[in-house]
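Thanks, everyone. Please have the sequence and the structure open while I talk. I'll start with a definition, then go through the residues.

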Amino acid sequence: MADIISTVEFNYSGELLATGDKGGRVVIFQREQESKNRPLSRGEYNVYSTFQSHEPEFDYLKSLEIEEKINKIRWLPQQNAAHFLLSTNDKTIKLWKISERDKRAEGYNLKDEDGRLRDPFRITTLRVPVLMPMDLMVEASPRRIFANAHTYHINSISVNSDHETYLSADDLRINLWHLEITDRSFNIVDIKPANMEELTEVITAAECHPHQCNVFVYSSSKGTIRLCDMRAAALCDRHSKFFEEPEDPSSRSFFSEIISSISDVKFSHSGRYMMTRDYLSVKVWDLNMENRPVETYQVHEYLRSKLCSLYENDCIFDKFECCWNGSDSAIMTGSYNNFFRMFDRNTRRDITLEASRENSKPRAMLKPRKVCTGGKRKKDEISVDSLDFNKKILHTAWHPKENVIAVAATNNLGLHFGQWTEYIFSPPFFFISHA
């Protein structure tokens, strides 16, 4: 389905929310401003702009179809009235300018109002064009196209804190781009072995440090994270720090390597910590401590007994994202059955909520959900055997300043507003259809 959401991202102020889908389309929602006529309208997000970012392509040299699906969207900090964002599919990154127009020029000398050119010999007077008000029009125009730099599928893009450069990562390489230069990039990480049969791991995610433009991290399918410093060498194959949690030999199984693969890595806003998501858990790492995470949160430990069937239906390869709240005090990630999980780092409390359009009326409070693994099931609990693995929350985003979250449930975007207290969030919660 082309309208299934594949990425969600708030801009730096949180006033805009962008989603990308499998059909290559970007939909931007804008937060309503509170007015005297509608004092309670503040907080609602309505469609601001929709545009086609990528089209399906075909690589004739490799006989490969290149999907139009948007893998990632990243906003650039706003410098003027316009907004800029980067969007990427598997191969090509594009820089888009989102601008408003509410005036048009009238009274041209060389052409009529309908746009036809006038005969120069019939122009006898000189007119001064004037700007006339018009209905607000939001334009999305491509400003740069960064192509032909990745052999493998792009899984990450990250804007650097210098706001001039950004990273793009695929399975084996990470490139550094300048936002003004489209025809070349610098390869700063290359883990491709001379013999591809010796390949043991791939890059799964990469992100720039929020404050130090020379530092970035990337995660691997082996469950390791490498922190690199671009000041040390032009090619960052040698990492500065290596983060890995020792494996417990007693818990090793056939699925250990698969479920330890990291699907997402995110720096905290402070830059002191980073968070990683593997298949069953979220881990918080202190950048000053490499041998183990300082916090580990189990997302859906009850699925450990279901790994065999999850392997057979390919769900074990799902890539869940994770995100921080604005103050780094809470984290959020998705699960199955349209569940998403939140963890309070201060109190160590956690909550499971369900993002279901069928089960929640607009602006209704969500009830916490609990999964029972066996024995007698309580009234409000759901059995692990009745979970729907086709409904999954892979993509989540948290407003950078407020308690507003966005979760992507297939082709619906759920937005939740409120304060997390005593295991519940205050209302409202409502869904916006992406279609």
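Buried here means under 20% relative accessible area. Keep that cut-off in mind for Asp 229. Its relative accessible area is 17%, so Asp 229 counts as buried. And this is a predicted model.

Let me stay with Asp 229. Where is it? Asp 229 is in strand β17, residues 225–229. What does Asp 229 touch, leaving out residues up to four places away in sequence? Asn 214, Cys 236 and Ser 240. With Asn 214 there is also a polar contact, side chain to side chain, at 2.9 Å. Now look across to Ser 305. Asp 229 and Ser 305 are 76 residues apart along the chain, and their C-alpha atoms are separated by 40 Å.

Let me step back to the whole chain. How many helices and strands does the protein chain have? Two helices and 34 strands. There are 435 residues, and 49% of them are buried. The radius of gyration is 24 Å. A compact globule with 435 residues would come out near 22 Å, so the chain agrees with that. Along the principal axes, the C-alpha atoms fill a box of roughly 90 × 60 × 40 Å.

Two more totals. Take the contacts between residues at least 6 apart in sequence: 52% of these join residues at least 24 apart. The chain exposes about 22300 Å², and carbon and sulfur atoms supply 49% of that area.

Next, the cysteines. A disulfide is a covalent bond between the sulfur atoms of two cysteines. How many disulfides does a search of the whole structure find? Zero. Take Cys 228. Why is Cys 228 not bonded to Cys 236, which has the closest cysteine sulfur? The two sulfurs are 5.2 Å apart, which is too far for a bond. The cut-off is 2.5 Å. Cys 322 is in no disulfide either; the nearest cysteine sulfur belongs to Cys 323 and is 7.3 Å away. Buried or exposed? Cys 228 is buried, at 0% relative accessibility. Cys 322 is buried as well, also at 0%.

Cys 322 brings me to Arg 277, because Cys 322 is among the residues that Arg 277 touches. Arg 277 is in strand β20, residues 273–277. Is this arginine buried or exposed? Arg 277 is buried, with a relative accessible area of 0%. Leaving out residues up to four places away in sequence, its contacts include Ser 261, Ile 262, Asp 264, Val 299, Phe 320 and Thr 333. His 300 is another of the residues touched. There, the two side chains make a polar contact at 3.3 Å. For a longer look along the chain, try Lys 91. Arg 277 and Lys 91 are 186 residues apart, and their C-alpha atoms are separated by 24 Å.

Now Asn 325. Asn 325 is in the loop between β23, residues 322–324, and β24, residues 330–334. Asn 325 is buried, at 6% relative accessible area. A polar atom of its side chain lies 2.9 Å from the backbone nitrogen of Asp 328. Beyond four places in sequence, Asn 325 touches His 269, Ala 330 and Trp 398.

Last topic, the aromatics. How many aromatic pairs does the structure hold? There are 16. Start with Phe 146 and Trp 177. The ring centres are 5.3 Å apart and the planes sit at 70°, so this pair is edge-to-face. The pair links distant parts of the chain: Phe 146 is in strand β10, residues 130–146, and Trp 177 is in strand β13, residues 173–178. That is 31 residues apart. Phe 146 and Trp 177 are both buried.

Then Phe 243 and Trp 285. Here the centres are 6.0 Å apart and the planes are at 75°, so this pair is edge-to-face. The residues are 42 apart along the chain, with Phe 243 in strand β18, residues 241–243, and Trp 285 in strand β21, residues 281–286. Phe 243 is buried, at 0% relative accessible area. Trp 285 is buried too, at 2%.

One cluster to finish. Which residues do ring pairs link into it? Phe 254, Phe 255, Tyr 311 and Phe 317.

How values were computed: Residues are numbered from 1 along each chain as its sequence is written. This is a predicted model: local features need pLDDT of at least 70, side-chain atom pairs count only at pLDDT 80 or more; totals for chains, interfaces and linings use all residues. Side-chain values use heavy atoms; hydrogens and water are left out. Buried means under 20% relative accessible area, exposed over 50%, partly exposed in between (1.4 Å probe, protein chains only). Helices (H or I, at least four residues) and strands (E, at least two) are DSSP runs, numbered from the N terminus. A polar contact is a pair of N or O atoms within 3.5 Å; within protein, one must be able to donate a hydrogen and the other to accept it, and residues adjacent in sequence count only if both atoms are side-chain atoms. Contact means heavy atoms within 4.5 Å. The radius of gyration is taken over C-alpha atoms; the globule rule is 2.2 Å times the number of residues to the power 0.38. Accessible areas come from the Shrake-Rupley method with a 1.4 Å probe; for residues, only the protein chains shown count as cover. Rings of Phe, Tyr and Trp (its six-membered ring) pair if their centres lie within 6.5 Å; planes under 30 degrees apart count as stacked, over 60 as edge-to-face and the rest as tilted.
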